[in-house]
Amino acid sequence: MSTHINAPEGAIAPNILLPGDPLRAKFIAENFLEDAKCYNEVRGMLGFTGTYKGVPVSVQGTGMGQPSLSIYVTELFRFYGVQNAIRVGTCGAVSADTQLRDTIIVNAACSDSCLLNQRFGSLHFAPTASFPLVKTADSIAEKMGIRYQVGSVASSDFFYDKNENWKKWAEYGVLGIEMESAELFTLAAEHKRNAMAIMTVSDHILLGGQTTAEERQTTFTNMMKLALETIVAVNAKK
Ligand code: HPA
């Protein structure tokens, strides 16, 4: 039992998917997991545990932004023994080589957030995804035949950013802007766990354009399959 997740010890699997939207967590549980049971309803931040191809998997909403994700992921790592955490979410593309609906396997996350400064002061930590997860996801995405890239995102504290920081990130090869991955990778480093993020490009900040709700649903399915198959593969390797 912890403050924001009201579940007994053992109710959450060592493998977890982390969508920002709690209703996405419900969708994933209902459409991809077998025998899924809801373990958390505190603040409407739904969490479920079930199995995928026989492997125990949980799915937990994190809310939007790094401070919200930080609360849930800290509790998952500290109190529930989560080992493999994969964020599944959307980002706005800032690279001309990236198209709407593409999948991005995130290997690193820059950030404009004060969270990194508060932890590291004048040092500059590089929030990085777990290489075994990235390597496994890369080979599965290739087999799936989907359009995807492996690269970096920037986790912003702003959705509506008057400073247009994305232009600077784009100059340095960042593929997309989202709001959570840097804190997930930093917490995983602190707790010696494995984390990665997979993004669907929902809008294009550089070139303009947005996906429809229906399109998001289909491409979202690719991302979910990729995340779940990655979990199955890394569990099989043990
Ligand atoms: N900015 C920040 N986060 C996002 C965006 C964006 O354009 N699109 C999806 N998540």
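The expected span of a helix is 1.5 Å times one less than its number of residues. That rule is applied below to a predicted model.

**View 1. Helix 2, end to end.** Helix 2 covers residues 66-80. At 1.5 Å a residue, its 15 residues should span 21 Å. The end C-alpha atoms lie 20 Å apart, which agrees. Just after the helix comes G81, with a positive phi of about 65 degrees.

**View 2. Helix 2 and its surroundings.** Buried means under 20% relative accessible area. Of the 15 residues of helix 2, 11 are buried, so the helix is largely enclosed by the rest of the structure. The buried positions include the aromatic side chains Y72, F77 and Y80. Also among them are L69, V73 and L76. Q66, S68, S70, T74 and E75 are buried too.

**View 3. Helix 6 and the turn of chain after it.** Helix 6 runs over residues 181-191. Here 9 of the 11 residues are buried, so this helix is also largely enclosed by the rest of the structure. Buried residues run from S181 through A182, E183, L184, F185, T186 and L187 to A188, and H191 is buried as well. K192 follows helix 6, and its phi is positive, near 60 degrees.

**View 4. K53 in its loop.** K53 sits in the loop between strand 3 (47-52) and strand 4 (55-60). Its relative accessibility is 56%, so K53 counts as exposed; the cut-off for exposed is over 50%. Leaving aside neighbours within four places in sequence, K53 is in contact with E229 and V232. N31 is 22 residues from K53 along the chain, and their C-alpha atoms are separated by 13 Å.

**View 5. The whole protein, for orientation.** The protein has 7 helices and 9 strands. Its radius of gyration is 17 Å, close to the 18 Å that the globule rule gives for 238 residues, so the protein is as compact as a globular protein of that length. The C-alpha trace spans about 45 × 40 × 35 Å along its principal axes. Buried residues make up 53% of the 238. Among contacts with a separation of 6 or more, 76% join residues 24 or more positions apart.

**View 6. Surface and charge.** The accessible surface of the protein is about 11300 Å². Carbon and sulfur atoms account for 53% of that area. The protein carries 21 positive and 24 negative charges, and the mean positions of the two sets are 4 Å apart.

Technical notes
Residues are numbered from 1 along each chain as its sequence is written. This is a predicted model: local features need pLDDT of at least 70, side-chain atom pairs count only at pLDDT 80 or more; totals for chains, interfaces and linings use all residues. Side-chain values use heavy atoms; hydrogens and water are left out. Helices (H or I, at least four residues) and strands (E, at least two) are DSSP runs, numbered from the N terminus. Buried means under 20% relative accessible area, exposed over 50%, partly exposed in between (1.4 Å probe, protein chains only). The radius of gyration is taken over C-alpha atoms; the globule rule is 2.2 Å times the number of residues to the power 0.38. Contact means heavy atoms within 4.5 Å. Accessible areas come from the Shrake-Rupley method with a 1.4 Å probe; for residues, only the protein chains shown count as cover. Lys and Arg count as positive and Asp and Glu as negative; His and the chain ends are not counted. The place of a charge is taken as NZ of Lys, CZ of Arg, CG of Asp or CD of Glu.
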